[in-house]
Amino acid sequence: MTQVLVFEGVSKHYGDKTALSGVSFEVRAGEVFGLLGPNGAGKTTCIRILMDIVRADGGQMSLFGAPLGRDHDCRLAYLPEERGLYTKQRVIDVMVYFGKLKGLSAAEARARARTWLERLGLASVETHQVERLSKGMSQKVQIAATLLSEPELCVLDEPFSGLDPVNTALVRDLIGEIRASGRTTILSTHQMSMVETLCDRVALLSEGRRVVYGPVDEVRRRYSASELRISVEGDLPELPGVESVISERPGTHRLVLAKGADSQRVLASLIATGVPVLRYERVLAPMEDIFIRVVQHGEDRG
Amino acid sequence: MRWRKVRTVTWFELSSTVRRLGYLIVTLGMPVFSLLYAGLALIPAKLAKDREDAPRIYGVVDRAALLGLGDGEVIVVRSAGFRCYGDEAGARGALVDERVIRSYFVVPADYLETGRVLAHTGPASGLGPWEGRAELSELLRTRLLGTRVEPKVAARLLEPISGRETFRVGGDGQVEAEGADAFIGRLVLPIGFVFLLFTSILMSGSYLIQATATEKENRVVEVLLSSASADEIMTGKLLGLGGAGLLQVLIWLAMTLAVRFGFSQLVLPLNVQIAWQAVAIAPVLFITAYAFLGSLMLGTGSFGGNVRESQQLGMFWAFLATLPLMFVPLLLTDPHGLIAHVLTWIPFSAPATLVLRLSLDPDGMSVWEVAGSLAVLVLSTWAAVRLASRLFRVGLMLTGARPSLREILRQARSAP
């Protein structure tokens with residue numbers, strides 16, 4: 001898969017404070033890459049380096065196969081965490097301005113802005129001043145302005161913050177559409193359920209260092225205990241290799257396997273008992289648990 | 001620098017500023033306000049003139065018998081009338097009881113020996129007891145000269161210079177006649193230039209700082225910086241908001257000229273003479289000085305946390321820019337003196353000084369001095385723009401507590 005962005009041993013200091021210390025990761029074309037971490041972990045610094053807003057003190061970086069720099073800024077779009085618009089301007093004028101800064105002609109930017117406003121149900125506020133919009137409307141206008149230029153790489157920093165469930169679903173679908181169109185997204189969010197739903201791979205930063213990195217499923221497996229969730233008709237028989245059983249609800253049980261036990265053998269034993277098996281799955285640790293275990297308790301599983 | 005991005009920022013800043021209600025009110029309202037103010041100021045002047053036209057009457061008691069006037073006789077000198085009283089009691093009654101005179105003077109018997117005159121003020125004495133002194137002096141001079149000297153000599157003694165003719169000797173020795181007000185005429189360009197430059201800088205600087213602080217407050221800075229470089233944004237702002245400020249000044253200038261030509265009788269008809277050297281260099285100096293001061297204002301103004309703070313930081317440069325105005329009297333009296341030479345080489349004062357010196361005496365400045373001063377100004381402008389764009393980038397991204405000067409400079413050095 002083509003690498004869109006590569007960070008190799010990147011470091012950045014602000015005075016005595018270390019913002020990034022030898023951070024490495026790569027973002028591949030067409031994926032949704034989760035850039036995760038607690039507040040102050042260095043996510044925004046990574047993004048600002050990528051956007052050429054601040055310069056790294058050390059390390060190697062490449063974007064679209066070339067060194068970082070201003071040549072790429074029409075292929076990128078950035079929705080910062082601290083959002084804002086020109087409050088005294090009309091909605092359409094702000095969108096056209098941002099579109100023109102990304103290299104669109106005025107006519108093209110205007111046409112695309114109208115399409116986006118229509119799609120987001122904001123056509124009626126096209127000529128309104130931004131300060132007249134509700135917070136949710138402003139958020140949607142800003143997301144639309146970010147995606148207006150159909151960038152090859154979208155960097156979305158907390159795109160769900162402040163959105164109600166309906167608009168959260170809308171933005172989630174938009175990110176899905178970006179991936180479906182073969183374009184790449186870097187998603188920075190604290191909503192771990194969204195990471196599980198949307199991201200292909202993640203890098204988790206803590207205190208300026210990369211502490212977790214890899215495909216989401218693999219990371220979850222890495223941090224999961226040997227547990228199975230099964231649903232059966234009737235009572236659950238005693239099974240070899242199972243250390244303990246936690247009943248979640250009638251017919252559904254979580255089996256904690258003994259060290260070295262093989263989950264496939266447990267399944268075979270269960271089927272051999274003749275009890276009808278309705279559901280069988282390996283229990284993966286939620287990203288939220290992993291986040292807390294790594295960041296708060298310093299758990300390291302590579 | 002990508003000029004397409006600069007153009008986009010320029011047009012956005014210009015169009016959004018000139019459409020603002022505040023801008024329109026100030027641009028179109030200021031001349032109307034100024035006219036109203038001038039109209040109001042004319043009222044007391046007109047009333048004072050009406051009072052001046054009616055002769056002011058003073059009493060005079062002539063104990064030295066110099067004036068040759070009988071009791072009750074009145075003599076008018078310019079706008080003052082002097083009524084003669086035989087004694088002080090009569091003058092006092094006229095001053096206090098009848099109130100027909102504003103004050104009265106007593107010319108003592110020993111006036112020729114001492115030159116003493118006693119003035120007496122009363123309840124309606126206007127500007128004080130010595131209000132009619134100039135006219136009384138003229139009356140006394142006329143009477144003293146009397147027939148003692150020839151009428152021509154007397155006339156010259158009373159008004160030694162009654163007709164003025166002016167000539168100008170050029171660098172090539174050619175003598176040319178010019179109006180007595182030609183000197184004032186030569187000041188029209190430099191004064192207009194200085195007015196235009198400082199008004200533009202103050203107006204545009206205010207817009208620049210306001211726009212930048214608003215962007216910080218509205219949190220659109222990161223979006224902008226992810227789409228265009230700090231250099232491009234700063235240049236676009238300088239051009240767009242400078243254009244808005246200049247447009248405002250030009251509208252005021254056009255309105256002033258319209259009034260000037262519409263009501264020319266109200267304005268002194270000046271014999272305007274402008275040195276071509278000053279005309280040629282003025283636009284270059286204007287643009288360079290604006291870029292120099294505007295970028296410094298923007299660079300430092302970007303460190304403010306809000307509009308007011310930004311204005312306080314940025315307007316420091318506007319204050320420095322007005323410094324040459326304090327030296328104008330010195331430059332007028334000695335356009336090629338030491339102070340003038342020093343001011344010519346300082347970037348803050350060079351534009352105004354150069355235009356003033358070239359307007360007053362273009363032949364008095366050597367080509368190398370003009371070229372050298374211009375070179376220093378251009379180099380300073382280049383350095384100011386470079387420094388300001390780095391400060392601008394650091395300032396824009398700044399939130400929370402302001403870092404130390406050392407940290408600001410360190411960040412500015414490492415900015416992309």
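Trainee: Before we start, what does buried mean here?
Mentor: Buried means under 20% relative accessible area, with a 1.4 Å probe and protein chains only. Keep in mind that this is a predicted model.

Trainee: OK, helix 4 of chain A then. Why call it largely enclosed by the rest of the structure?
Mentor: Because 11 of its 13 residues are buried. Among them are A:Gly136, A:Lys140, A:Ile143 and A:Leu147.

Trainee: What do those buried residues pack against?
Mentor: Within chain A, they pack against strand 6 (76–79), helix 2 (91–101), helix 3 (106–119), strand 7 (153–157) and helix 5 (165–180). Helix 9 of chain B is on the list too.

Trainee: And how far does helix 4 of chain A reach?
Mentor: Residues 135–147 span 19 Å from first C-alpha to last, close to the 18 Å expected at 1.5 Å a residue.

Trainee: Switching to the interface. How many residues does each chain put in?
Mentor: Chain A gives 32 residues and chain B gives 28. About 2,900 Å² is buried between them, with carbon and sulfur atoms giving 53% of that.

Trainee: How many salt bridges between the chains?
Mentor: The count is 4. One of the salt bridges pairs A:Arg48 with B:Glu222, whose closest N and O atoms are 2.9 Å apart.

Trainee: Which elements of chain B give two or more residues to its side?
Mentor: Helix 1 (3–18), helix 8 (188–218), helix 9 (221–227) and helix 18 (405–414). Helix 1 of chain B has the largest share, 7 residues.

Trainee: How do the residues on that side of chain B divide?
Mentor: There are 11 nonpolar, 7 polar and 10 charged.

Notes
Residues are numbered from 1 along each chain as its sequence is written. Chains are lettered from A and ligands numbered from 1 in the order in which they are written. This is a predicted model: local features need pLDDT of at least 70, side-chain atom pairs count only at pLDDT 80 or more; totals for chains, interfaces and linings use all residues. Side-chain values use heavy atoms; hydrogens and water are left out. Contact means heavy atoms within 4.5 Å. Buried area is the accessible area (1.4 Å probe) that two parts lose on being put together, summed over both. A salt bridge is a side-chain nitrogen of Lys or Arg within 4 Å of a carboxyl oxygen of Asp or Glu. Helices (H or I, at least four residues) and strands (E, at least two) are DSSP runs, numbered from the N terminus. Ala, Val, Leu, Ile, Met, Phe, Trp, Tyr, Cys and Pro count as nonpolar, Asp, Glu, Lys and Arg as charged, and the others, Gly among them, as polar. The expected span of a helix is 1.5 Å times one less than its number of residues. Buried means under 20% relative accessible area, exposed over 50%, partly exposed in between (1.4 Å probe, protein chains only).
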